[in-house]
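Got a minute to poke around some pockets? Have a look at the fold below, then work through the questions.

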Amino acid sequence: AEGVGVPSLARARPSVVRLSPATAARLGCRDQDPVSIATDRGELTLPLVITDMHDDVVWLPLNSPGSHVYRTLATVPGEPVTVRSAR
């Protein structure tokens with residue numbers, strides 16, 4: 001099985017982007033739709049999980065499979081990013 005012998009991989013969860021219901025609706029996105037997060041340095045696209053959280057905030061893992069925020073976007077938490085539907 002995948003991840004056998006590597007405890008951290010056996011527990012790994014898929015990387016996702018999280019948005020509030022209102023923010024997702026404004027972008028025309030539904031759960032599991034691809035969403036792109038971009039800066040002038042790069043872009044990440046991950047599946048959406050709609051989450052009870054503040055509007056106009058995006059959450060994504062900083063460094064996990066498929067999501068390397070520092071390396072790809074060259075940004076830190078709290079900095080503005082562009083968020084759009086990738087459908």
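What follows is a short round of questions and answers on the pockets of this predicted model.

Q: What is the volume of the largest pocket?
A: Let's start with its walls: 14 residues line this pocket. By class, its lining has eleven nonpolar, two polar and one charged residue. As for the space in the largest pocket, that comes to about 230 Å³.

Q: Which residues lie nearest the centre of the largest pocket?
A: The lining of the largest pocket runs to 14 residues. Those nearest its centre are Val-58, Leu-60, Val-76, Pro-77 and Gly-78.

Q: Which element gives the largest share of the lining of the second largest pocket?
A: This pocket has a volume of about 180 Å³, and its lining includes Thr-23, Arg-26 and Leu-27. Two elements, α2 (21-27) and β6 (82-85), each supply at least two lining residues. The largest share is three residues, and it comes from α2.

Q: Is Thr-23 buried or exposed?
A: Thr-23 sits in helix α2 and is part of the lining of the second largest pocket. Buried means under 20% relative accessible area. Thr-23 has a relative accessibility of 7%, so it counts as buried.

Q: Which residue has its backbone nitrogen 2.8 Å from a polar atom of the Thr-23 side chain?
A: One polar contact of the Thr-23 side chain, at 2.9 Å, goes to the side chain of Ser-20. Leaving out residues up to four places away in sequence, Thr-23 touches Asp-55 and Asp-56. The backbone nitrogen at 2.8 Å belongs to Asp-56.

Technical notes:
Residues numbered from 1 in each chain as written. Predicted model: local features only at pLDDT ≥ 70, side-chain atom pairs only at ≥ 80, totals over all residues. Heavy atoms only, no water. 1 Å grid on protein atoms, 1.4 Å probe; cavity = no way out; pocket = protein on both sides within 12 Å on 5 of 7 lines; lining within 4 Å. Points joined across faces, edges and corners; volume = space filled by probe spheres on them. Nonpolar A, V, L, I, M, F, W, Y, C, P; charged D, E, K, R; others polar. Helix = DSSP H or I, 4+ residues; strand = E, 2+ residues; numbered from the N terminus. Buried < 20%, exposed > 50% of the residue type's maximum accessible area, 1.4 Å probe, protein only. Polar contact = N/O pair within 3.5 Å; in protein donor to acceptor, adjacent residues only side chain to side chain. Contact = heavy atoms within 4.5 Å.
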